[in-house]
Amino acid sequence: MGEQVLLLNRQPDRPLSLEEYRQSGGYEALMAAVGKRTPEELRQLVLASGLRGRGGAGFPAGKKWSFIGKGHPRYLIPNTDEMEPGTFKDRVLVNVNPHLVLEGIILSAYAISAAKGIFFIRPSYEMDAELIERELGVAREAGFLGENILGSDFSFDLVVHRSAGRYICGEASAQVNAIMGRRPHPNKEVHMTDAGLWGKPTIVNNVETLACVPAILRKGPDWFKGLARSKDGAGTKLFCVSGRVNRPGCYEMPMGTPFNEILDEAGGMSPGSELKAFLPGGASTSFMPPKFSQVQMDFEPLKETGNRLGTGAIMVFDQNTCLVGATLNLLDYFTRESCGFCTPCREGLPFIRDLLLRLEHGEGKEEFIPMLKQMAHHMFKAYCAFAPGAASPVLGLLHHFEAEIREHISQRQCPFKGK
Amino acid sequence: MPTLRIDQREISVPQGTKVIEAAEKLGIMIPRFCYHPALGSLGACRMCAVKFMEGPVKGVEMSCMVEAADGMVVSTTDPEAMEFRRYVIEWLMLNHPHDCPICDAGGQCLLQDETVSGGHGLRRYQGLKRTFEDQYLGEFVQHEMNRCIHCWRCRRFYQEFAGYFDYGAMQIGNRMYFGRFAPGPLESPFAGNIIDLCPTGVLTDKPSRYKGRRWDLQRGPSLCLHCSLGCNLVGSARYREMIRVEARFHGAVNGYFICDRGRYGFAYANHPDRPRQARVGEEAAPLDQALKTAAQRLGQIRERYGPGAVAAWGSTRSSLETLGMLQWLCQDQGWRGPQFFPQASLARRVKAAVARLDTGMAVSLRDLENADFIVVAGADPVQEAPMLALALRQAARRGATVAVIDPRPVFLPLEYEHLPVSPGDIDLCLNLLSQAARSEEAATGKLEPDAARFYGLLTSTNLEDPLLQERLLALGRKLQDCLRPVIVCNTDMVRETTPARAADQARLLQADKGQAGLFYLLPGPNAYGAALLAGREEVDLLAAMEQGGVKALVVVENDPLGSCPDQERLLRALDNLELLVGLDYLPSATAARSQIFLPTTTVFEKEFSHFINQEGRLQQAVPLHQGGTPIIQVGQGSHPPRTFLDAIPGGEPRPGAGILADLAAALSGEPAPPTAGDLWDYLSGEHEGFSQLASLTASALGEGVHLLPAEAQEPAWSPEPGEKPPEPPAGQLELLLVDQTFGTEELGSYAAPLQKVEEEPHLLLHTDLAADLGLAPGEQVALLLPGGEVTVRLQTAQNMAPGVAIMPRHRRLHWQKTGDGPVWLPPENIKKLSEPL
Amino acid sequence: MSTLPPELQTELAQQVAAADHPREQVINIMYVLQKHYGYMSDEAVEEAAALLDMTPLEVEELATFYDFIYREAVGKFVIHVCDGVVCWMFHEGSVFDYLCEKLGVCAGGVSADGMFTVLPSACLGFCDHAPAMLINGVFYGHLNPEKIDAILEKLRREYCDLVICR
Ligand SMILES: Cc1cc2nc3c(=O)[nH]c(=O)nc-3n(C[C@H](O)[C@H](O)[C@H](O)COP(=O)(O)O)c2cc1C
Ligand code: SF4
Ligand code: FES
């Protein structure tokens, strides 16, 4: 399993309390940083640690912070939208150790001199929203949050923003619109780090990203880098494993752990199941056949295979699962959730979905295959990363499982139906 | 200036230009839906994809989202980009109904054009089409939501550009719906622009629905006559009926847009009662014959009483040709006049304003959008000149501060500060603002002696309301840091001193900051021209008529019975006449009363005409058709008509200028009246303001020219800026006659579509005052005016000056009982008639 | 005129006034009103607009965007059945169908007793317990018909109006 950084002292049935967290060094990083080190120092440490964003895109956190604009107030938005299908790591993280999350947020806020944080959370995580709200009060009581934190001149407060549920709200610029009470469409026209929330410098980070910060500060960037097993990787990663495995769940393992080791950690394939394919990082990544089971789960190694680490949410499919049907299910989701702002996503995804539906129902035609390919490729010219994400499983299907598509066409029905 | 190559051709463009715009400069129209020059880039439709072959950006990207940069090599015809664009079209057509045959956008549809040009012909999508229910959006805009391609233009215009929030985007994904919360009329007076913007047939022009295809229409560049801004239009006529008006781009005036008054006001030209036949007494007569009779009778009166017994009364809605010819006629015949304004006091205000404008001072609507501080003094833009409000909004969006000093409960679709003071306090407010905007040293030290002296003369009594005073001073302090201030001032309801005072303050700002602008609103589309022609001397025809010196009156495209605030007096004066000759295209009360009537054409018919807008810009309107009674009216629905004639039914009207020229010829024959070409020579001799006219070529006239002088006619500071205009007698209210967006403007009030949307006539009082008088909003009240009683419904408002009563010059309200000049009203003259409805 | 109870009206007005930017409260306000009216009725949209100084259209632009704002009447319990791919893998839609059949409703409908509405829902983030559903903010995992029956029975018996997101 390797060293536990984020899920340290994980309890099976309850979150760690403030005391428990402090017993294992919790908030020490904060006390050592606030008023003692400059925000710039913190940014440099995080940059040196090689910490990359855990929200899907893998952008280096320290680098993003270095772009922070001059204006004030500045905002930090810990992104806990987590609507990527298959992903539940942020929920587990918050539930295991809310104070680690809070300390990460406060330290990061210090690093970018943010005055206010907006904890953006999806509605199905209402219980977790309440948990964070409660613990936030505890942290405030303890002087870790609010005016003049730990007696310094650094003030920062955090509020919980409840979303009302839409996948696109996880996209950073759409999220900022959502908080401002506007329609949550993405916006590429503004630089968030200069003119984000309410026109002020804003940083959006995934909560897992932020939760890495206390340990980096406490144990140093080199230690953090050393946690990873991949060449240029850094840190540990929360992998949530679901599907046809024996022990679905969220596991913290070194960045770059090969897929099959993570599968083993999750208890291996369920009885009677053989590995047919897996999605390595949520619904917006591409299906991979078993020949990739040695792949190191990290940004770069997966990129080399033409895929993405995404959120590290591994979904495991077995020999009895129809991948055309699975892709259709994903496209149902993406079609329904598309924000509707741009044409390829709004109109192209329903077209792709329709072709998949016809294939699955045995009405498929040979010419669908090149159409699917072309359209899936064109999704990469959509406005935001939603449509490319939606196209990824389709491309994986076409690339690795074209034979299964053809079976649907030639048999004029789904080969898995009635089996 | 980045230089790039697009389709093998090189072009340099200003920094910040998007590639789609750079291509347009080369004449390459990259397909697009969401991009619009006025709204800017959005990046939503993905139609404008091109391939970047070399340079800082590589691969297929949206040309509306990428700024032109040095070294870029762009291909708009690259196969990869073309294939992507073909897919975009295919996607957009998935749900688009193939109802082009019955769609009013057919033939005028960007989606149609780009579907054809993109080569999308075969439908491959086999799924069901998404369908929506349409909404009723009012009398102007027809909704057909199934046709929507979600380009966002309507919402971006409606909310971001125009600042109204009752129309927008609901739902998500491909269920997204553009409409209102509930069916109902669109609240924005700029709503009609979404018809022009919609790239397909979702939003179409309701009044002209099913009346013709674009290629069936007689189209041409025209002008809006519904206020003094002079917005540019494209007019469309068919079967002798004016059926539609769209906005025409003009960079300095209206940009891409017009207001709904301008869009739907044209229907006066089709008014079923429009007098299209000449008349002598009660009898219809051929135009030539009626004209001869008129000449004969006018000649007789002149012989009997002398030339001064004939007078001419024109208006500010006539073309410059007609105004000029009337002027010439009066000079030639020695008649009195012409008078162009309904009241002498209004003429003075307008002349004062026009005399202050010069090239250094006047700003266009477009300039106004770049101002950083705008004082609106005595104007209510949305009601009086709606497009001004849209320009103010653009300024505000760029960060300008907008302050409105006006007694009315002014509403603007933007963030602004309103100081509700009575008209008598506007001058003082401007003084105070000036003083707060400048520190003592700066005031005296930096200014040239004349300006400093003027500054020294400014009075600074405090406003009665300390809160207002404080807000004003705070605004003044804000003005200190502004670099491009503009003063906007109307000439309608303000004191006679105010237009000049606005100019003085603008000059003071200019002296201080090196840059400042002045923007007036004038009463009517040719008020500027009329003011120049009217010259310096005062004409008061009403007085002359009352005294009996005038025996014949020639009224040209003017309806004194509708516009003169003292009708009792006017009627008495008219009774003194022996002859009333009327020329017009409106079925007005004055036209009906004329003993001899000669029908004239509208701006849309037969001949070119010119108008000068409020900033001195001469613009041309091209005739769209020959005119005549619309076939729909002649045939009463059946077509073709069953009787065949060799003349156009109802085709008799002629341009006013031509009729006047013939009248002149018939009166004397000597000297010959100027022909169309000579008229410009004549005018240029008439007034320095017209001096450019003589040398203008036909093409310059077509494009429009700024006639402003380099130095204003009235370049001196007005004396005694401290002088306080008349105050109302204690305890009395000042009655203000005002304009409304719909329902008061003369031409528009004859337009059926506008009549459907006009606000109700009402009397507006401050909420507290109404309560003191025991009156409640909604009640019918009797208003005792100098000329008699008017019954009107009461409205109240909190954000208006306390000492005034406001009444629109509504076509359904007999406001012409108020009399000339400021009207003071004892509150007891407002009496309750009934409980609120 | 507002039809809200005065205490609620004041409470919401204070909530709006306390915000740095009133508009950031729009979703919270919608949740409260939705709870009060049972769903985000037309009236609720208008109330929200009045409280936030927005037009009803502006509120509607948001209310109709989001998944957890119900613009049509719903039951006391709103059952969000996960149709994420992992849950699908385990039941291929049968949980949804079972619930609809059991309660005699179609998607979005309200059961005859006014208690339940069933909605298909994006992956709930409960894939480790697939197949899963969310009812008034509470997760239920590893579903099968017997378990579903028991849950419905329990909810019928001990109706409690739990959390905000309904
Ligand atoms: C459609 C879409 C959905 C997203 N959803 C999430 C999300 O739920 N949580 C998240 O942290 N990032 C999400 N992202 C990524 C964010 O845009 C952003 O990159 C991220 O929050 C930045 O944090 P990081 O740098 O720490 O990864 C999403 C992106 C897209 C395009
Ligand atoms: S790809 Fe386009 S429609 Fe899809 S979510 Fe992004 S912006 Fe919205
Ligand atoms: S015009 Fe460029 S994306 Fe629409």
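**Exercise 1. Work out why Cys231(B) forms no disulfide with Cys224(B) in this predicted model.**

Step 1. Look up the sulfur distance: from Cys231(B), the closest cysteine sulfur belongs to Cys224(B) and lies 5.9 Å away.

Step 2. Hold that against the cut-off, which asks for a pair of cysteine sulfur atoms within 2.5 Å. The 5.9 Å separation is therefore too far for a bond.

Step 3. Add the surroundings: Cys231(B) counts as buried, at 6% relative accessibility.

**Exercise 2. Treat Cys212(A) likewise, then give the disulfide count over all chains.**

Step 1. For Cys212(A), the closest cysteine sulfur is that of Cys250(A), at 12 Å, so the pair is too far apart for a bond.

Step 2. Cys212(A) is buried, and its relative accessible area is 1%.

Step 3. Over all chains, the disulfide count is zero.

**Exercise 3. Find which partners the side chain of Lys351(B) has, given that Lys351(B) is buried and has no salt bridge.**

Step 1. Place the residue: Lys351(B) sits in helix α9 of chain B, which covers residues 344–354.

Step 2. Check the charges. The nearest side chain of opposite charge is Glu538(B), at 5.9 Å, while a salt bridge needs the nitrogen and the carboxyl oxygen within 4 Å.

Step 3. Now try the backbone. The Lys351(B) side chain reaches the backbone oxygen of Gly535(B) at 3.1 Å and that of Glu537(B) at 3.2 Å.

Step 4. Finish with the contacts. Setting aside neighbours within four places in sequence, Lys351(B) touches Ala531(B), Ala534(B), Gly535(B), Arg536(B) and Glu537(B). Nicely, both backbone partners, Gly535(B) and Glu537(B), appear in that list.

Definitions and conventions: Residues are numbered from 1 along each chain as its sequence is written. Chains are lettered from A and ligands numbered from 1 in the order in which they are written. This is a predicted model: local features need pLDDT of at least 70, side-chain atom pairs count only at pLDDT 80 or more; totals for chains, interfaces and linings use all residues. Side-chain values use heavy atoms; hydrogens and water are left out. Helices (H or I, at least four residues) and strands (E, at least two) are DSSP runs, numbered from the N terminus. Buried means under 20% relative accessible area, exposed over 50%, partly exposed in between (1.4 Å probe, protein chains only). Lys and Arg count as positive and Asp and Glu as negative; His and the chain ends are not counted. A polar contact is a pair of N or O atoms within 3.5 Å; within protein, one must be able to donate a hydrogen and the other to accept it, and residues adjacent in sequence count only if both atoms are side-chain atoms. Contact means heavy atoms within 4.5 Å.
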